[in-house]
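Work through the exercises below with the sequence and the model open. Each task is followed by a solution in steps.

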Amino acid sequence: MNTVENVTKHVIDHRLPDSLEIGTGTWQWGDTLVWGYGGDYSDADVQQAFTAALDAGITLFDTAEFYGWGKSEKLLGQFIRESGADVLVATKFLPFPWRLFKRQLISALRGSLKRLGMNSVDLYQIHFPMPPIPVETWAQALADAIDMGLTHAVGVSNYTRAQMIRSHAILGARGYPLASNQVEYSLIQRRIERNGTLESAQERGIKIIAYSPLGKGLLTGKYTVENPPPGNRSFGARGVLPKLPPLIALLREIGDAHDGKSPAQVATNWAICKGTLPIPGAKNAKQAASNAGAAGWRLSSDEVARLDEVSAGIQL
């Protein structure tokens, strides 16, 4: 069965399906600078992560032209072709300062589609707002991409509340919804709650896609002051690690009350309970299977409130 034809039925009225609880982020697939791709994990490992995610019922994979400078898209496309899987694919356009015209978004999208080996994607997003081009220009270009049948839904990423609302208005004038705003969101990064982005998105039917829901690994419980994350991730972690033990202890306590869920699974479920769509990354099959264990159940409102309280003073 043709993969592209098979996945398009999942996107209704240019929005992501409400049934989606969790997806898989593929930033790690090919990224050497932050994640050290090619060091302790390889192509074979991420292919096993893809397969494990599918086996667990996870069908949304989020990538970007910037991840590994196209490597992530190429790997994802290869895995989809080889598996014949029925999946949802999201990717992103980075508005470099030298990209000045709407047509350059269409050209970049065609490049992503070529690397993916597809005729269209399910969700195409603006990766970052970046000067000098206003967000309205790129919103118009996203609408053009839907008109051309190159994507079935459109979103933004790392947009402020105001930028998100402006983009939503432009797309609405063209007859399309803004499907999503992909932002960093976790127990230790709750900025979108404080600045109104989460509330405004939910008021407008814009799905918040939560990247780094595990705080780039800090919420797994595996890192300490004596054992910080490797590479560039250690810089942002240093100020948080000394404050983390009470939160990790609470994650373990709550996990034990839910049939032995791990701290990572509890932290990700918290993001689901907040009405967002988390997309934790996976370098290997074990991580992908663990991510899947965050879905299909819910924390109680009391547990969410306790996590809110303890994490409030531990913010990146």
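**Exercise 1. A helix pair**

Task: In this predicted model, determine how helix H10 (residues 245-256) and helix H13 (residues 301-311) are oriented to each other, and which residues make the contact.

Solution. Step one is the geometry: the axes of H10 and H13 come within 9 Å and cross at roughly 170°. Step two is the class: angles over 145 degrees count as roughly antiparallel, and H10 and H13 are therefore roughly antiparallel to each other. Step three is the contact itself. H10 contributes Pro246, Leu247, Leu250, Leu251, Glu253 and Ile254, while H13 contributes Glu303, Arg306, Leu307, Val310 and Ser311. Sorted by class, the contact of H10 with H13 has seven nonpolar residues, one polar residue and three charged residues.

**Exercise 2. Aromatic pairs**

Task: Classify the ring pair of Trp29 and Phe79, and state where its two members lie in the chain.

Solution. Ring centres within 6.5 Å make a pair, and planes over 60 degrees apart make it edge-to-face. By this rule the model has eleven aromatic pairs. For Trp29 and Phe79, the centres are 5.6 Å apart and the planes are at 65°, so the pair is edge-to-face. Trp29 lies in the loop between strand E1 (24-25) and helix H2 (43-55), and Phe79 lies in helix H3 (residues 71-83); the two are 50 residues apart, and the pair links distant parts of the chain. Trp29 is buried, at 0% relative accessibility, and Phe79 is buried too, at 1%.

Task: Are the rings of Phe96 and Trp98 stacked or edge-to-face?

Solution. The ring centres of Phe96 and Trp98 are 4.6 Å apart and the planes are at 5°, so this pair is stacked. Phe96 has 16% relative accessibility and counts as buried, whereas Trp98, at 59%, is exposed.

Task: Which residues does the ring-pair cluster with Trp29 contain?

Solution. Trp29, Phe50, Phe61 and Phe79 are linked into a cluster by ring pairs.

**Exercise 3. A charge and a ring**

Task: Where does the charged end of Arg103 sit?

Solution. The charged end of Arg103 is placed over the ring of Phe101, at 4.5 Å from the ring centre.

**Exercise 4. The surroundings of Ser72**

Task: Is Ser72 buried or exposed, and which residues does Ser72 touch?

Solution. First, locate the residue: Ser72 is in helix H3. Next, check the accessibility: buried means under 20%, and Ser72, at 0%, is therefore buried. Last, list the contacts. Leaving out residues up to four places away in sequence, Ser72 touches Thr26, Trp29, Thr63 and Tyr67.

Terms used: Residues are numbered from 1 along each chain as its sequence is written. This is a predicted model: local features need pLDDT of at least 70, side-chain atom pairs count only at pLDDT 80 or more; totals for chains, interfaces and linings use all residues. Side-chain values use heavy atoms; hydrogens and water are left out. Rings of Phe, Tyr and Trp (its six-membered ring) pair if their centres lie within 6.5 Å; planes under 30 degrees apart count as stacked, over 60 as edge-to-face and the rest as tilted. Helices (H or I, at least four residues) and strands (E, at least two) are DSSP runs, numbered from the N terminus. Buried means under 20% relative accessible area, exposed over 50%, partly exposed in between (1.4 Å probe, protein chains only). A charge sits over a ring if NZ of Lys or CZ of Arg is within 6 Å of the ring centre and within 35 degrees of the ring normal. Axes are lines fitted to C-alpha atoms, for helices over the stretch in contact, and angles run from 0 to 180 degrees between N-to-C directions. Angles under 35 degrees count as roughly parallel, over 145 as roughly antiparallel, 65 to 115 as roughly perpendicular and the rest as oblique. Contact means heavy atoms within 4.5 Å. Ala, Val, Leu, Ile, Met, Phe, Trp, Tyr, Cys and Pro count as nonpolar, Asp, Glu, Lys and Arg as charged, and the others, Gly among them, as polar.
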